[in-house]
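Colleague: I'd like to know what stands behind each label before I use it at the bench. Please take me through them one at a time.

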Amino acid sequence: MHPRIRTIEEYHAAYQQSVEDPDGFWAAVAEPFTWRRKWDTVRSGEFSPAGNSKWFDGARLNITENCLDRHLAQRGNKLALIFEPNDPKVRHLRLTYRELHQQVCQFANVLRNNGVQKGDRVIIYLPMIPQLAVAVLACARVGAVHSVVFAGFSATAIADRTNDADARFVLTADGLNRGAKQIPVKSVVDEALESCPGVRRVIVVEHLGWPVTMREGRDVWYHDEVKDVALTCPAEEMAAEDPLFILYTSGSTGKPKGVVHSQAGYMVWADYTFRNVFQVEENDVYWCTADIGWVTGHSYLLYGPLLAGATSLQFEGVPTFPSPGRFWEVIDKHHVTIFYTAPTAIRSLMATPIDNVLSYSLTSLRVLGSVGEPINEEAWHWYHQHVGKGRCPIVDTWWQTETGGIMISALAGITPSVPARAGLPLPGVQPVLLNQDGTEIEGNDQEGYLAIKASWPGVIRTTWGDHERARQTYFQPYPGYYFTGDGARRDENGLYRIIGRVDDVINVSGHRFGTAEIENAINQSDYVVESAVVGYPHDVKGQGIYAYVICQNGLPTSDLEIQRAEASIIEAVVAEIGKIAKPDKIQLVSGLPKTRSGKIMRRILRKVAEGETSNLGDVTTLLDPLVVEEIVAGRK
Ligand code: PRX
């Protein structure tokens, strides 16, 4: 069986071995998986200059045999997935490992019958329903590269991703539920595909029973396709370094990039981190509230739990529907023992009357997790006291889409769990703090750029179709290191505290957006000449989006004109990216603070957005210092 760390001494021993003898360490961790062929080398490749880490090269496998087939003998009747629908009045669904295996095989056969082959990219734009989990695994079963697009992204965002991945297949549904709202998903896909001539086949899952337009020759219903397929499906044999999935994420420049993860390294990393961080036991009921459209859903709703043979709960809805007690109701209903959510959800629930949580027992809980953004001390304590009743360790897990799995976190109940600290690195992770010039900052009680010194199995392999971009973003800024884009502090006890992004990325409710990406969207509005976007502290979202916008015909003077301009700006963002990227504040301005060379001084814009207008620093190098006065006066 897979060994697991159970004491602090074992943690230190594992950590030391992972640094001194990484090959031996990871070979032992990888041993118990189902391999069609074992690896030739455990680790190969380099961070610098090529940025081409490889793990378990030469091995052959299929990750779904590890998620499903190998559990059938001992856990065939164990629950793999519990599905809790949006509406609590609708009955939940439970799938055993045997049932999930069968559903994945059937979906995989449907994919094959529709022409999906090994290596093909498949875009998945499905709501949080069981078929989303099944579809992802079905792609992996046939060796197709899945790229899940969160079902809140706009048609333009789907089209961009579909074209970038050169995908010929799209999986979607008629519609989705999100709290009290219902959204026609298929029509968003239809709009997107008008600019995706490469797509040959769209497979549509019926969820709401809504009428949709099916395009002859391109669109088929899943329920028609699945009627006559076999209940088993041989798994495609994959090479360790074949891509498993692409997940698009925002960076500080340009369009979102397709982060690529591979088969073997990702599998070993998702499984190892899941079991150790959450200290999972056989009878746990584990619930990660993230959508499968984000990396957290990939690694810790789907792959990690299934690899470990755990029971994973998938929730279709939102924390506040039909009431702000929904999370806690679901925990009591399904006797959830491990609960993993985002600080933004905790903060939004904290803001509602305390009875919403106090009226549930929550006695089943034993471990709590947090992910996506720094958790502030107030939220940490509320979570600890009212949800964990003071007895559940909290794991504050720091990681990124690019890292594949958790990098810095407490191991529940084993390594220190301190408010507002992610904690110690996992075995295999060697974090360092760097100066601006790239030298390592030694010792504790220090702050710097967070970078990782050696490769780990889950490291990003490339950005789809553009390896140079991955190299330049992650491996070139500080040669020899993976650069995270985050700033961090190592406290007096060596625990890491993540401060936040040091690049032009904003983290809104745990979701990443590039300022340039939002500016590009805003600039699509006919009203707009130029814009600059910065983040500012937001009570619930962590960071909010503050947009400074110069309009075509100068500053609008009437309220009506202002409203029109703002509506047009919001419309442009919703169309380009989706509702999740809507600016929280829009300030129409007549100019932006620029240096003589034309560079926008974001430092000033950030300070104004944060309300720190008394201390703007040196503005004498600005082309037009008067602009700053206007901006300060008009601050939202
Ligand atoms: O800034 C860090 C923040 O989220 C970024 C990664 O975002 P994404 O790739 O979307 O992945 C989110 C889920 C893993 C990081 O660069 N972040 C993530 N987790 C934490 C965090 N910041 C502080 N504490 C965390 N636990």
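Colleague: Which residues does Pro184 touch, not counting residues up to four places away in sequence?

Modeller: Pro184 touches Gly175 and Trp210. Contact here means that the C-beta atoms, placed from the backbone, lie within 7 Å. Please keep in mind that this is a predicted model, where local features need pLDDT of at least 70, side-chain atom pairs count only at pLDDT 80 or more, and totals for chains, interfaces and linings use all residues. Residue numbers start from 1 along each chain as its sequence is written.

Colleague: Where is Pro184 found, and why is it called partly exposed?

Modeller: Pro184 sits in the loop between β10 (181–183) and α8 (185–193). Those names come from DSSP runs numbered from the N terminus: helices are H or I with at least four residues, strands are E with at least two. Buried means 20 or more other C-beta atoms within 10 Å of a residue's own, exposed means 12 or fewer, and partly exposed is in between. Pro184 has 16 C-beta neighbours inside 10 Å, so partly exposed is the right label. Val212 is 28 residues apart from Pro184 along the chain, and their C-alpha atoms are separated by 8.5 Å.

Colleague: How do you know that β6 is joined to β7?

Modeller: Pairing takes at least two DSSP bridges between two strands. β6 (residues 121–125) and β7 are joined by 4 bridges, so they pair, and they run parallel. One bridge links Arg121 to its partner Val145 in β7. Within β7 (residues 145–148), Val145 and Ser147 point one way, His146 and Val148 point the other way, and all are buried.

Colleague: What makes β5 and β20 edge strands?

Modeller: Look at the order of their open sheet of 7 strands: β5-β4-β17-β16-β18-β19-β20, with mixed pairing. β5 (93–96) and β20 (394–397) each have a single partner strand, so one side of each is left without a neighbour in the sheet. From one strand to the next, the twist averages 20 degrees. Angles run from 0 to 180 degrees between N-to-C directions, with axes fitted to C-alpha atoms, for helices over the stretch in contact. Helix α10 (residues 263–278) packs on this sheet and touches β16 (285–288), β18, β19 and β20, its direction making about 145 degrees with that of β20.

Colleague: In which sense do β18 and β19 pair?

Modeller: In the parallel sense: β18 (residues 338–341) and β19 (residues 367–371) share 4 bridges. Thr341 stands opposite Ser370 in β19.

Colleague: Why are β21 and β25 also said to stand at the edges?

Modeller: They belong to an open sheet of 4 strands, β21-β22-β24-β25, with antiparallel pairing. β21 (431–434) and β25 each have a single partner strand, so each has one side without a neighbour in the sheet. Ignoring direction, neighbouring strands of this sheet are turned by 45 degrees against each other on average. β24 and β25 pair over 5 bridges in the antiparallel sense, and Arg490 stands opposite Tyr496 in β25.

Colleague: Which residues come nearest to the ligand?

Modeller: Pro374, Trp398, Gln400, Thr401 and Ile498, out of 22 residues around the ligand. Near means a C-beta atom, placed from the backbone, within 6 Å. The elements giving two or more residues to this shell are α11 (295–307), β20, β24 (482–490) and β25 (496–501). The shell divides into 7 nonpolar, 10 polar and 5 charged residues, where Ala, Val, Leu, Ile, Met, Phe, Trp, Tyr, Cys and Pro count as nonpolar, Asp, Glu, Lys and Arg as charged, and the others, Gly among them, as polar.

Colleague: What covers the buried residues of α19?

Modeller: The cover includes β28 (528–538), β29 (542–551) and α20 (626–633). The buried residues of α19 (residues 602–610) are Ile604, Leu605, Lys607, Val608 and Ala609. An α-helix has 3.6 residues a turn, so residues three or four places apart point the same way. After α19 comes Gly611, whose phi is positive, near 90 degrees.

Colleague: Against which elements do the buried residues of α12 pack?

Modeller: Against β4 (79–84), β17 (311–315), β18, α13 (343–350) and α14 (355–358). In α12 (residues 326–334), the buried residues are Arg326, Phe327, Trp328, Val330 and Ile331. Just after α12, His335 takes a positive phi of about 55 degrees.

How values were computed:
Two residues are in contact if their C-beta atoms, placed from the backbone, lie within 7 Å.
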